Amino acid sequence: MSESRGVRAVKSASRTVALLELLAGRGDRPARLDELAAELDVPRSSMYQLLQTLVDCGWVRTDTTGSLYGIGIRALLTGTGYLDGDAHVRVVRPLLDEVSDTLGETIHLARLDGPDVVYLATRESHEYPRTLSRVGRRVPAHAGALGKALLAERPNEELPLPGGPLAALTENTHRDRAALIADLAGVRERGHSVDREETAPGIAGFGFALRYDTPAVDAVSCSAPVTRLTDDHEARIVAVMRELRERIETLVTPASGAPDWR
């Protein structure tokens, strides 16, 4: 078991968190008891007791047969509380609306979490609306504009990348570290990242790290269909997003008495 600041991890708490994260990651694919016990290497009887406790508390839900399990509504309350309690998100959200209207494209705010970025806010383009919210979803940091903008803020020897081959989301996603590191050198030179169909086919992205933390953990990006990307429109996106970054970095200052979250 791992230790943090000299305190030994509590096995039952670690197991509970692992179970909730596993269920959350499955999305619309509910799991059976045996699957969960095998995935987490937990005795079947112990997993059943844990599941029933979490069902009673609302953190896990089960179907009418009691054989399928999924993440419960209490998890939504926790996620909402995280966003509502973050001063940076509160500052940035209204600016995303403004820039999305200006460019006619989709604008994102995301945060680096280990080898992934997690979407904190999204303002969808009115030109090509999506029906599925991205807030709370994770994407490998190496696979898109947001993540590459944040990886470029770190030395190559300190990149938070997973072991083994890099996961490919499309045929354009970087699969090896050498190609990624070469790309990050270009990001540092330009001051922003470029994603050409690396996260999703038909979509390009332009990412800008927000340097109110060192190294930056948050970034904003603009996503646009490649069919709309003329040279002039791309140049305008970069100019408007660069201005957005400057505005955010001017507005976000340490609030008096606010925790310095780490």
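The following dialogue examines helices, a pocket and some backbone features of a predicted model.

Visitor: What makes a residue count in this model, and how are residues numbered?

Guide: Numbering runs from 1 along each chain as its sequence is written, and in this predicted model local features need pLDDT of at least 70, side-chain atom pairs count only at pLDDT 80 or more, and totals for chains, interfaces and linings use all residues. Side-chain values use heavy atoms, with hydrogens and water left out.

Visitor: Why is α7 called a helix, and how does its span compare with the expected one?

Guide: A helix is a DSSP run of H or I with at least four residues, a strand a run of E with at least two, both numbered from the N terminus. Helix α7 covers residues 177–190, which is 14 residues, so the run satisfies the criterion of at least four. The expected span is 1.5 Å times one less than the number of residues; α7 reaches 20 Å from its first C-alpha to its last, close to the 20 Å expected.

Visitor: Which residues of α7 are called buried, and why are they said to line one face?

Guide: Buried means under 20% relative accessible area, exposed over 50%, and partly exposed in between, with a 1.4 Å probe and protein chains only. In α7, L180, D183, L184, G186 and V187 are buried. Seen down the axis of α7, these buried residues fall within an arc of 155°, so they line one face of the helix; the arc is that of the directions from the helix axis to the C-beta atoms. On the other side of α7, A178, A182 and E189 are exposed.

Visitor: What covers the buried residues of α7?

Guide: The cover includes α6 (145–151) and β9 (193–196), where contact means heavy atoms within 4.5 Å.

Visitor: What makes the approach of D176 to A178 a polar contact?

Guide: A polar contact is a pair of N or O atoms within 3.5 Å; within protein, one must be able to donate a hydrogen and the other to accept it, and residues adjacent in sequence count only if both atoms are side-chain atoms. At the start of α7, a side-chain oxygen of D176 comes to within 3.2 Å of the backbone nitrogen of A178, so the distance lies within the 3.5 Å limit.

Visitor: How do you know whether T106 is buried or exposed, and what does its side chain approach?

Guide: T106, in strand β6, has a relative accessible area of 2%, so T106 is under the 20% limit and is called buried. A polar atom of its side chain lies 3.0 Å from the backbone nitrogen of S125.

Visitor: What makes phi noteworthy at D41 and E197?

Guide: Most residues other than glycine have a negative phi. Phi of D41 is positive, near 55°, and E197 has a positive phi of about 60° although it is not a glycine. D41 lies in the loop between α2 (33–40) and α3 (44–57) and has a relative accessible area of 71%, so it is called exposed. E197 lies in the loop between β9 and β10; its relative accessible area of 28% falls between the two limits, so it is partly exposed.

Visitor: How do you know that the bond from T214 to P215 is cis, and where is P215?

Guide: Omega of that peptide bond is near -5°, and the bond is cis. P215 lies in the loop between β10 (203–210) and β11 (218–225).
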